[in-house]
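Please load the model in your viewer and keep a selection prompt at hand. The stops below each begin with something to select, followed by what is to be found there.

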Amino acid sequence: MATLSDIGVSAGINILSAFIFFIIFAVLRLQPFNDRVYFSKWYLKGLRSSPSRGGAFVQRFVNLDFRAYLKFLNWMPEALKMPEPELIDHAGLDSVVYLRIYWLGLKIFVPIAALAWAVLVPVNWTNNTLELARQLRNVTSSDIDKLSVSNIPEYSMRFWTHIVMAYAFTIWTCYVLMKEYETVANMRLQFVASEARRPDQFTVLVRNVPPDADESVSELVEHFFLVNHPDHYLTNQVVCNANKLADLVKKKKKMQNWLDYYQLKYARNNSQRLMVKLGFLGLWGQKVDAIEHYIAEVDKISKEIAKEREEVVKDPKSIMPASFVSFKTRWAAAVCAQTQQTRNPTQWLTEWAPEPRDVYWPNLAIPYVSLTVRRLLMHVAFFFLTFFFIIPIAFVQSLATIEGIVKAAPFLKVIVEDKFMKSVIQGFLPGIALKLFLIFLPSILMIMSKFEGFTSISSLERRSASRYYIFNFVNVFLASVITGAAFEQLSAFLNQSPNQIPKTIGVAIPMKATFFITYIMVDGWAGVAGEILMLKPLIMFHLKNTFLVKTEKDREEAMDPGSIGFNTGEPRIQLYFLLGLVYAPVTPMLLPFILVFFALAYIVYRHQIINVYNQEYESAAAFWPDVHGRVIAALIISQLLLMGLLGTKHAALAAPFLIALPVLTIGFHHFCKGRYEPAFVRYPLQEAKMKDTLESAREPNLNLRGYLQSAYVHPVFRGDEDEDDYDDDKLRKFEEEAIIVPTKRQSRRNTPAHSRISGESSPFSGKV
């Protein structure tokens, strides 16, 4: 068990690591040849030019201004200068609201930490319960545990202090959550009202279109919406299965990169032709001329792409029963997206279309009827993944202790028993071992989310984040607390009567705070500081810039700024909310470490969002209800655990007063859900009408169909569409005339509505 000196050693290691990371970052960011890595967002926005273009040769690569190095932490105050409205314009609402999660943590835990240290720490410290337990029952503990509730004897009236503090912490947390929910909801509504015109504001994704033997999907969709939305329907773009074509395009790009690499290499040294082996990974096989080989490969794949594109366009089987349907107004799109279209609730399903850059195209080809089965399979798979992961995590954690190392490698006993090494192992190794073991988990969870068939990147990330949070709760929190407490107190369990075991667990659970303190320092201090180095993008950019880049466009594509990574970042933050709320009334010693994490992460990620991260999509903070719900869940978990802990302490008079807390918290959650959540799941018709009215007054001659015609065309088809044959006069004539909708179905040949189609596929419809 880690002692106070072990925690001190761990803190020193992690603070030193963070400081070294900041120094390395300060040096790297000042070098002109790294400018595109550490200021990539400004390059992508066209607001920054390369400093290596002018000046002396050396100055193009190295910054010789030594005064700049003296202010190596100057980026921290610079990151805080940009006001929030300007930051929204610069990076989008998603990024700003994501930063507010860190700010929310500070607003919640700064007053809680101050109150806990002022009230609970003196109450806990002024007892000798653990000292007596160590002497009489051989229960292990450390000096840190004397600051926790474990140091209070059974039946003590001091537990009333913890009850009162639990109510105070709950009331404050709920108040801050409510005010933040209100603020973010207002920010979302204001952002949606003021943002520029986007295709998704007018477009609805229609799925599970019923099959019809007489009409194509395009004709059927147009007929349906001209009949049911005759005054508002504008155009539709049918979804097609272009996954194979997309794979070919991706393969061609890979071959083109190799061709560029060998051409550049030959241009620099043309004394001999470059050869490549055709075997596995180029390790063996027939030797051929590299440039000629890749030219032939690119030409071959180009022909396959042309053939596959033609097959996708002509083959009816490639057309999916889904379509992006666009309307003339936002109001009409809102009505369609938020209402049931037919009496059969399983057909003609409508939802808001993601913005074009948010669409996850491969999943649009998944039949809607298979989604339920896919999601059921992933629920089962996630259950087994979560609970079977406990075994390897417990194994790794057992090896990350003095006893585990000595047992696995007895020859290291002399080394690990050294006082300093013992402090390093107990205060640093468990946290780093757990972090390394979980490194591949986000990728696994994202693969599972993709298999479920979500059609937008934002929904994929939200589902992955939700599962990551559950996984962290079960494996990082519960498994560490329960199994850790059981293993550490094993000797005590074997030498006492069975009715004493629950009491020992109740005393031991707060002792696991030392492990979480080490984990917070490894992950939340050094880990966050390491994020700012951008080592992987830095290395990849210079490799691509050296071997692949020919033009400025190539250099821009070589930049990989990344994004905030909601699917990994938000569950990580939620773990700290959980730890803070659980341990605030139990072991306040943990709270300062959490505060350092929230403050440091807020500064680091604000800098990254301003200068580096490139936003992949904009959901207008649609994720906030998930954030709010998970903090509420952490609050309820903390209340239930405190009730259980006090139960083991025989606080019979005090413990029942905690029963009201979960009930009141759940009631508060339902209040917030009803009051604020509608702003995140529905678009008010009043807001849509106001925005439409303002736009029609400002741009009365807007050619909206031209704007929306190719917005949702699959990326592999962009640039290949036929030119629009319909000008504004024809569009206006179509809007004014009332003619009959012809249909190939005999039973509906004379359906009265507006249409311009006569026995052919709609010219307003396209393939995605």
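Select Lys689 together with Trp331: the charged end of the lysine sits over the ring of Trp331, 5.5 Å from its centre, where a charge counts as sitting over a ring if NZ of Lys or CZ of Arg is within 6 Å of the ring centre and within 35 degrees of the ring normal. A further case is found by selecting Arg467 and Phe382, since the charged end of Arg467 sits over the ring of Phe382, 5.5 Å from its centre.

Before going on, note that this is a predicted model, in which local features need pLDDT of at least 70 and side-chain atom pairs count only at pLDDT 80 or more, while totals for chains, interfaces and linings use all residues. Residues are numbered from 1 along each chain as its sequence is written, and side-chain values use heavy atoms, with hydrogens and water left out.

Next, select residues 330-337, which form helix 13; helices (H or I, at least four residues) and strands (E, at least two) are DSSP runs, numbered from the N terminus. Six of the eight residues of helix 13 are buried, a term that stands for under 20% relative accessible area, with exposed over 50% and partly exposed in between (1.4 Å probe, protein chains only). Those buried residues are Arg330, Ala332, Ala333, Ala334, Cys336 and Ala337, and to see what they pack against, add strand 1 (203-207), helix 10 (217-228), strand 5 (319-327), strand 6 (349-352) and helix 32 (685-698).

Now narrow the selection to Arg330, which lies in helix 13 and is buried, with a relative accessible area of 2%. Its side chain is joined to that of Gln201 by a polar contact of 2.9 Å, and to that of Glu695 by one of 3.0 Å; a polar contact is a pair of N or O atoms within 3.5 Å, where within protein one must be able to donate a hydrogen and the other to accept it, and residues adjacent in sequence count only if both atoms are side-chain atoms. Leaving aside neighbours within four places in sequence, the residues in contact with Arg330 (heavy atoms within 4.5 Å) include Arg197, Phe202, Trp352, Tyr683 and Asp692.

From there, move to Glu695, which belongs to helix 32 and counts as buried at 13% relative accessibility. With neighbours within four places in sequence again left aside, Glu695 is in contact with Arg197, Phe202, Arg330 and Leu702.

For the aromatic residues, note that the structure holds 41 aromatic pairs, in which rings of Phe, Tyr and Trp (its six-membered ring) have centres within 6.5 Å, planes under 30 degrees apart counting as stacked, over 60 as edge-to-face and the rest as tilted. Select Phe25 and Trp75, an edge-to-face pair at 5.5 Å centre to centre with 85 degrees between the planes. Phe25 lies in helix 1 (residues 4-29) and Trp75 in helix 5 (residues 75-81), so the pair ties together parts that are 50 residues apart in sequence. Both Phe25 and Trp75 are buried.

Finally, select Tyr583, Phe598 and Trp624, which touch the most other members of the largest nonpolar core, a set of 141 residues; such a core consists of buried Ala, Val, Leu, Ile, Met, Phe, Trp, Tyr and Cys residues joined through side-chain atoms within 4.5 Å. Helix 7 (residues 93-125) supplies the largest share of this core, 17 residues. Another core lies apart from it and has 23 residues, among them Leu245, Val276, Val312 and Ile319.
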